[in-house]
Amino acid sequence: MASFKLNIAEPNTGKCYQKEVKDQQASPFIGLNIGESVNGDIFDMPGYEFLITGGSDYCGFPMRKGILGVRKKINILGGVGFKGAGKGIKKRKTVCGHKINESIVQINLKVAKEGSKKLAEIFG
């Protein structure tokens, strides 16, 4: 079954928290795209709403918005998956598609709406 490592970013404080979800908690993530929102009730965080900002697959290739399919080699000028080598230099890099599937290991989330408890209290 699916299992994901969630990296949850809190923009107000600038802190990140990590949580691992498996099986029933992980199944609602499959099929979602980058930019979609997720309800926190799915993985024991009531009242919270999260925005999917990215992730990476089991080989470490980053997810990139606008890419269809599981994995693809593209020429990149900048952005996700390439830091840049200089002005006007493109490079051929491998990236994952924007849809979450079984090969994705890590999902990056950002807090869109806060719940009653603070994240620091939940994660201790």
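Q: Is Cys96 buried or exposed?
A: Cys96 is buried, at a relative accessible area of 1%. Buried means under 20% relative accessible area, exposed over 50%, and partly exposed in between, with a 1.4 Å probe and protein chains only. This is a predicted model, where local features need pLDDT of at least 70, side-chain atom pairs count only at pLDDT 80 or more, and totals for chains, interfaces and linings use all residues. Residues are numbered from 1 along each chain as its sequence is written, and side-chain values use heavy atoms, leaving out hydrogens and water.

Q: And Cys16, buried or exposed?
A: Cys16 counts as exposed, with 56% relative accessibility.

Q: How many disulfides are there?
A: Zero. A disulfide here is a pair of cysteine sulfur atoms within 2.5 Å.

Q: Why no bond for Cys96?
A: Its closest cysteine sulfur is in Cys59, 8.3 Å away, so that is too far for a bond.

Q: What about Cys16, which cysteine sulfur is closest?
A: The one in Cys96, at 20 Å, again too far for a bond.

Q: Switching to the sheet. What's the strand order?
A: The order is 2-1-7-4-3, an open sheet of five strands with mixed pairing. Strands are DSSP E runs of at least two residues, numbered from the N terminus. Two strands pair if DSSP finds at least two bridges between them.

Q: Which strands are at the edges?
A: Strand 2 (15–22) and strand 3 (37–39), each pairing on one side only.

Q: How many bridges join strands 4 and 7?
A: Eight, between residues 49–57 and residues 104–113, running antiparallel.

Q: What stands opposite Gly55?
A: Ile107, in strand 7.

Methods:
Helices (H or I, at least four residues) and strands (E, at least two) are DSSP runs, numbered from the N terminus.
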